[in-house]
Each structure stands twice: as C-alpha cells, then as structure tokens.
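Colleague: Before I rely on the descriptions in your notes, I would like to hear how each term is justified. Could you take me through them one by one?

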Amino acid sequence: MAQGKKVVAIDIGGTKIASALVTLEEGAKPVVEFYDKIPTEAKKGGQQVLANAIKMARRVIELAGEDVCGIGVSSGGVIDPRTGDVTYANDMMPGWGGTHLGAELTAATGLPARVLNDVHAHALGEARWGAGRDASSCLVVAVGTGIGGAFVERGSIMLGAHNEAGHIGHVSCTDAAGVPCQCGATGHLETIACGPGIINRYLELGGDPKDEDGNAVDGAVIDRRAAAGEKAAIDAEARSGHAIGEVLGSLVNMLDPDCIILSGSVAQCGPAWHDAMAAGWSEAVMPPCAKTPIVSGNLGGDAPLIGAAENIVKSAYVEFE
C-alpha cells in the first residue's frame, strides 16, 4: 500500500448516510476525519438516496482538497462488487435495487469508486483493524434491525458465486420453524432474532405495547423490562438469543474461524439474551470448536467507513486482487 492514501468513505444505510475522509497508511490504524451524517430519505426512492450520497461525497472531497484517490462505498442491499451496482434491495429501501451506484458516483465526481455491501464493509473494517486484527480468520455477525454477516479469511471476505455469501440472517434454525421470512422462505434466523423480531414476540406474549411515556415499545425498553424480571420480555429476548447461539454454533462447526465478532444493537442486550445465546451455542457447537471466542466489535460506526476505504486500496475480495 502506498503511504498516506486518502479515501472518501460513504456508508449508506436504511436510515442514515454517513461520510468521512479516511487516511490509510501502511501499518497504522486508519484515521477517520470530517465525519458527518444525514437522513437517507429511503422512502423517497432510490434517486433521492443517490442524490444524498453524491452530496455527501462532494462534501468530503471539498474538505479534503485534491489528493483523494477514490470513493469507497458501503451500502445496504445486495451489491455486485464487480460493477458497483445494487442488484437487490428490500422494502426498507424502495427503488434502491438497480442503482448503478459506483458508476453514478464516478460520473458525478470524476473519482474511481468501489462499492461493497454494508455488512461486508463493517466486517472488513473489524477484521483488518478492529477486533479481528490479530486473527487469521473471523466470522463477523451484526444483529440489529436485520442480521448480516461475513466470513473473513486472511483479510479477504468470502464473496460467493451470487455475491450472497455471509447472509447469516437467512440460515434456518429450530426456533424459527414454520415462521415465514420476508425473503419468501420459512424458518430463517432473521425473522425471529433481529430487533423487530424481539418486539413482535414480546407483543405476542402480551407485553405492554407502550413505554412509560406512551410511545411504542422498542428493544431498549424490552431489555430494561427483562432486567427487571418481566417474563414476556425475558422470553422474547431468550428466543432471539437461543436462535443466534444455535446458528453461530452450526456455522463455527463448518467454518472453524479463529473468532466470532458480534456487533449490533441486539448484541447489547442483557443477561436474558446472552444466557440464552450461550445455551443455543452449547447445544449446537462441536467440542473441538466450543472454545472459539465470541468478542465484541471495537470500531463502532467507523467500521464500515474504514472497510469501504480499505476496499479502494486493497480489494475486500480475493477475486479482484
């Protein structure tokens, strides 16, 4: 890697678009500067999201000056990293699928752009510079509004023949048996174990749909109620945790990584969730893999920005090195 590469990094999610200048220097932790974020405005359609992304890229370019080598992009949806196109996006980002994201950013700025999925970008940042920096391989799992993941081997992400490798949220698990998934299949992890899945289960079990201020209950409120001993809250979190543990155990049996990096808002839940995850893990994992460490990501919101920037200088995928 050349010394002091400066990259415009953009992270496009369902609710916000973040951007920053990331400076990459051989052997040194990336430096993130000029961070800012704006609402994605996803419900206004793909063209509005694209316009917002271009605006955020231009903001960083103006602040950085002329010595920027490219634009690294992390985006929600299924991404073709060969072209920078968004090949599929769900209803959280209507009209985003089909966007020629990389080409549009290059046309608007004159800079080369590389695009990868947001969970892949997060995983790459954590694997190369975060909690997985000293590991030769890691399984990265993000559990929040949805569930995604990536397997990173010696600093490169497994891509798959259809750009689908790492879709951990769409692995089957016993706790979800018979439950329809928004992808059209049944029995998938994401439906029951993500944040909205916990809320839905809590309400099914008769939990109070309002918080103390009369607002709709959210995951943080349910977690507080679980900590206070409320059975519906404990049971809702326990189903999620057990399912995550079971799937992690099964995947570790197959992939045998050095470590698992667990991040996302749901992973911040208290003992009800974590105890159930440990139980699901112990039921599924084989003895040789049982001591595989499960660690927390440590780059926070910088992880996808760093991963997106790294992808400009050294591809996230062995297929393109």
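Modeller: Two strands count as paired if DSSP finds at least two bridges between them. The model is a predicted one, and in it β4 and strand β7 (residues 113-117) are joined in the parallel sense over 5 bridges, so the requirement of at least two bridges is met.

Colleague: How do you know that strand β1 and β4 pair as well?

Modeller: Strand β1 (residues 5-12) and β4 share 6 bridges, again in the parallel sense, so this pair also satisfies the condition of at least two bridges. As for the partners, Ile10 stands opposite Val73 in β4, while Ser74 stands opposite Leu116 in β7.

Colleague: Why is Ser74 called buried?

Modeller: Ser74, which belongs to strand β4 (residues 70-75), has a relative accessible area of 0%; buried means under 20%, and therefore Ser74 qualifies. Its contacts, leaving aside residues up to four places away in sequence, include Ile10, Asp11, Ile12, Leu116, Asn117 and Asp118, together with Pro304 and Ala308. Ile10 is 64 residues from Ser74 in sequence, yet their C-alpha atoms are 6.0 Å apart in space.

Colleague: What makes β4 largely enclosed by the rest of the structure?

Modeller: The conclusion rests on the count, because 6 of the 6 residues of β4 are buried. In a regular strand the side chains alternate between the two faces of the sheet. In β4, Gly70, Gly72 and Ser74 point one way and Ile71, Val73 and Ser75 the other way, and all of them are buried.

Colleague: Why is Arg128 called buried?

Modeller: Arg128 has a relative accessible area of 11%, and since the cut-off is under 20%, Arg128 is classed as buried. Arg128 lies in helix α3 (residues 118-129), and among the residues it touches, not counting those up to four places away in sequence, are Arg133, Gly155 and Glu310.

Colleague: What makes the approach of Arg128 to the backbone oxygen of Lys314 a polar contact?

Modeller: The side chain of Arg128 reaches the backbone oxygen of Lys314 at 3.2 Å, and the limit for such a pair is 3.5 Å, so the distance falls within it. The backbone oxygen of Ser315 lies 3.0 Å from a polar atom of the Arg128 side chain, which is likewise within 3.5 Å.

Colleague: How do you know that the span of helix α1 is close to the expected one?

Modeller: Helix α1 (residues 46-64) has 19 residues and reaches 27 Å from its first C-alpha to its last, close to the 27 Å expected at 1.5 Å a residue. Its buried residues include Val49, Leu50, Ala53, Ile54 and Ala57, and what covers the buried residues of α1 includes β1, β4 and α2 (101-109). After α1 comes Gly65, whose phi is positive, near 90°.

Colleague: What makes a set of residues a nonpolar core, and which residues have the most contacts inside the largest one?

Modeller: Such a core is a set of buried nonpolar residues joined through side-chain atoms within 4.5 Å. The largest has 39 residues, and those with the most contacts inside it are Ile147, Leu189 and Ile244. The largest share of this core, 9 residues, comes from α7. Apart from it lies another core, of 27 residues, among them Leu21, Ile54, Val68 and Leu105.

Note on methods. Residues numbered from 1 in each chain as written. Predicted model: local features only at pLDDT ≥ 70, side-chain atom pairs only at ≥ 80, totals over all residues. Heavy atoms only, no water. Helix = DSSP H or I, 4+ residues; strand = E, 2+ residues; numbered from the N terminus. Buried < 20%, exposed > 50% of the residue type's maximum accessible area, 1.4 Å probe, protein only. Contact = heavy atoms within 4.5 Å. Expected span 1.5 Å × (residues − 1). Polar contact = N/O pair within 3.5 Å; in protein donor to acceptor, adjacent residues only side chain to side chain.
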